[in-house]
Amino acid sequence: MYNVIDLARQCPDLNITVKLGDLIELVDYSVKKSRQELERLITDANTETYPGVDQVSKILDVNKTTLWRWQKQGYLVPIEVGGKRRYKMSDVKRILEGGK
């Protein structure tokens, strides 16, 4: 069976008949799926992660000495979790995006 989108691209002038109830069901389904995807994207964006020194060093392509210097300058300050340094991923993303 053809995918409807593929069929529409191959035959853009094709006329089809659709029951109004089926059309409403399709719109409701599309809206529901779009809403679920947007909610997932928002939730993922708001979830904070805390990578360690090695991960952040690789992500930013800098050595650990640079991370230590940035900490002293207040540019990228880690938090201590169980005696280990962790960084807020939101801070790392800010640096990747060119923020200060």
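**Figure legends: the largest pocket and the overall fold**

**Figure 1. Helix H2 contributes 4 residues, the largest share, to the lining of the largest pocket.** The model shown is predicted. The pocket has a volume of about 280 Å³. Two elements, helix H1 (4-10) and helix H2 (20-46), each give two or more residues to its lining.

**Figure 2. Close-up of the residues that line the largest pocket.** From the N-terminal part of the lining, the view includes Val4, Leu7 and Ala8. Cys11, Pro12, Leu14, Ile16 and Val18 also belong to the lining, as do Asp22, Leu23, Glu25 and Leu26.

**Figure 3. Chemical character of the pocket lining.** The lining consists of 10 nonpolar and 2 charged residues, with no polar residue among them. The charged residues are Asp22 and Glu25.

**Figure 4. Secondary structure along the chain.** The protein contains 5 helices and 2 strands. In sequence order, these elements follow the pattern α-α-α-α-β-β-α.

**Figure 5. Overall dimensions of the protein.** The C-alpha trace spans about 70 × 25 × 25 Å along its principal axes. The radius of gyration is 24 Å, whereas a compact globule of 100 residues would have a value near 13 Å.

**Figure 6. Burial, surface and contacts.** Of the 100 residues, 16% count as buried. The accessible surface amounts to about 8500 Å², and carbon and sulfur atoms account for 55% of that area. Among contacts between residues at least 6 apart in sequence, 46% connect residues at least 24 apart.

Definitions and conventions:
Residues numbered from 1 in each chain as written. Predicted model: local features only at pLDDT ≥ 70, side-chain atom pairs only at ≥ 80, totals over all residues. Heavy atoms only, no water. 1 Å grid on protein atoms, 1.4 Å probe; cavity = no way out; pocket = protein on both sides within 12 Å on 5 of 7 lines; lining within 4 Å. Points joined across faces, edges and corners; volume = space filled by probe spheres on them. Nonpolar A, V, L, I, M, F, W, Y, C, P; charged D, E, K, R; others polar. Rg over C-alpha atoms; globule rule 2.2 N^0.38 Å. Buried < 20%, exposed > 50% of the residue type's maximum accessible area, 1.4 Å probe, protein only. Contact = heavy atoms within 4.5 Å. Areas by Shrake-Rupley, 256 points an atom, 1.4 Å probe, with all protein chains shown as cover.
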